[in-house]
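Here are a few exercises to work through with the model open. Try each one yourself before you read the solution.

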Amino acid sequence: MDFNLTEEHLMIRDAARDFAQTELLPGVIERDNAQTFPESLVRKMGELGFLGIMVDPKYGGSGMDAISYVLIMEELSKVDASASVMVSVNNSLVCYGLEAYGSEAQKEKYLSKLATGECIGAFCLSEPEAGSDATSQKTTAIDKGDHYVLNGTKNWITNGGRAEVYLVIAQTDKHKGSHGINAFIVEKGMPGFDIGPKEDKLGIRGSDTHTLQFNDVKVPKENRIGDDGFGFRFAMKTLSGGRIGIAAQALGIAAGAYELALKYSKERKAFGTEICNHQAIAFKLADMHTEIEAARMLVMKAAWDKDQGNNYDMSSAMAKLYASKVAMEHTVEAVQIHGGNGFVKEYHVERLMRDAKITQIYEGTTEIQKIVISRGIIKD
Ligand code: CAA
């Protein structure tokens, strides 16, 4: 067992850290206030290879491993979780989904553009009445021979307005339950595909979240991913990798808040000394440091499982469950350590606290991760 990162991993982490500090940090407060998508940064992230991190270079990707992916996600998320969720969805839900389960024609047509940032993608599973209960899809896809006709609504879709390529999960035969669900590639601009207004959110306000509407959208049969009825398994398998990305995002949010709180506590004085010298603050820092490191170990283990070809359903659920809890709890503590300044936007920690909450909700709530973990334990 070796806990050291390789030279290559350290270089990748440093490149992501440098990009986050020089490119994401300026303007992050303004983007959060105005709910603006970091548009100009998408091209730069594409050039750095951050949008197709694990994709094979023959499809335009960076050919890196999952450890590199989580290192990049942690560094971006320390500064701007709105940018990092775009990176996570594009990498682990869209690019991975297509590379692992798409046909060669689908990969040639879509993957290269997605991996380089020429296009970005969205993953459309959630519905008004099917969030956690993902098998209860109301969106229908009726088989019409050479094409399917899609009808329904998808909610809270990350990259919803900005994407060009959408992976849409829909019910083709409700009598078959989860085996009657398929996944389709839908392109922006297909007749009947409408994008609703942007959501006004508590956190990750710079990310582009929309409701999508499908009204008799004709999707060619060659746009179905995998065999008939594979859609639910496609979603579950893809989400297992997505949860590694969101776990790394939660880790980055927690670590970013901790680093700010530590720095502040060494500068701010009260009762004649820097506040880090008061045990009330020092013990908070000790808890934060320890639990963030524990979350990092779980995130790394899940990424390592993926790289080794091991099943990572449980390790990704455990990483997401714990890292998101740590992110929520310790961003609150980071605000507390900052006192009145913590409540002010220019100190960044209030934004990280707001951003932390979504990591306990999307790509499977905390409660869903506990279902996955407990079923895994009982089955073994
Ligand atoms: N791999 C392969 N197959 C799987 C699987 C996996 N990880 N998980 C389940 N399956 C299979 C099961 O084996 C079962 O197959 P059989 O019928 O052949 O036995 C079938 O799928 C149905 O599975 P379950 O009976 O376990 O289904 P369930 O209704 O009990 O639901 C669940 C399971 C884990 C709760 C699932 O519904 C779930 O993960 N829900 C959460 C959905 C979610 O994460 N949504 C996030 C939205 S996407 C998002 O947030 C993206 C974004 O924009 C940021």
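For the class counts below, Ala, Val, Leu, Ile, Met, Phe, Trp, Tyr, Cys and Pro go down as nonpolar, Asp, Glu, Lys and Arg as charged, and the others, Gly among them, as polar. Keep in mind that this is a predicted model.

**Exercise 1.** Sort the shell around the ligand by residue class.

Solution. Start by collecting the shell: a residue gets in if one of its heavy atoms lies within 4 Å of the ligand. That gives 24 residues, and the closest are Ser132, Thr158, Arg243, Glu363 and Arg375. Now sort them: 10 are nonpolar, 8 polar and 6 charged.

**Exercise 2.** Find polar contacts to oxygen atoms of the ligand, taking N or O pairs within 3.5 Å.

Solution. Try the arginines to begin with. Arginine 243 puts a polar side-chain atom 2.8 Å from a ligand oxygen, and for arginine 233 the corresponding distance is 3.0 Å. Then check the backbone: a polar backbone atom of glycine 364 sits 3.0 Å from an oxygen atom of the ligand. As for burial, the ligand on its own exposes 1100 Å², and the protein covers up 72% of that.

**Exercise 3.** Where does the ligand sit, and which element gives the most residues to its shell?

Solution. Look for the pocket: the ligand is in the largest one. Next, list the elements that supply two or more shell residues, which are helix 5 (81-101), helix 7 (231-267) and helix 11 (366-379). Helix 7 comes out on top with 6 residues.

**Exercise 4.** Work out the helix and strand content of each UniProt domain span listed below.

Solution. Take the names from UniProt, where the entry is unreviewed, and go along the chain.

- "Acyl-CoA dehydrogenase/oxidase N-terminal" is annotated at residues 6-118. This span is 73% helix and 0% strand, with its end C-alpha atoms 30 Å apart.
- "Acyl-CoA oxidase/dehydrogenase middle" is listed for residues 122-217. Here you get 0% helix and 50% strand, and 17 Å between the end C-alpha atoms.
- "Acyl-CoA dehydrogenase/oxidase C-terminal" covers residues 231-377. That stretch is 78% helix and 3% strand, and its end C-alpha atoms lie 25 Å apart.

Terms used
Residues numbered from 1 in each chain as written. Predicted model: local features only at pLDDT ≥ 70, side-chain atom pairs only at ≥ 80, totals over all residues. Heavy atoms only, no water. UniProt positions renumbered as here; feature names shortened; annotations may be inferred. Helix = DSSP H or I, 4+ residues; strand = E, 2+ residues; numbered from the N terminus. Polar contact = N/O pair within 3.5 Å; in protein donor to acceptor, adjacent residues only side chain to side chain. Areas by Shrake-Rupley, 256 points an atom, 1.4 Å probe, with all protein chains shown as cover. 1 Å grid on protein atoms, 1.4 Å probe; cavity = no way out; pocket = protein on both sides within 12 Å on 5 of 7 lines; lining within 4 Å. Sits in = over half its atoms within 2 Å of the grid points.
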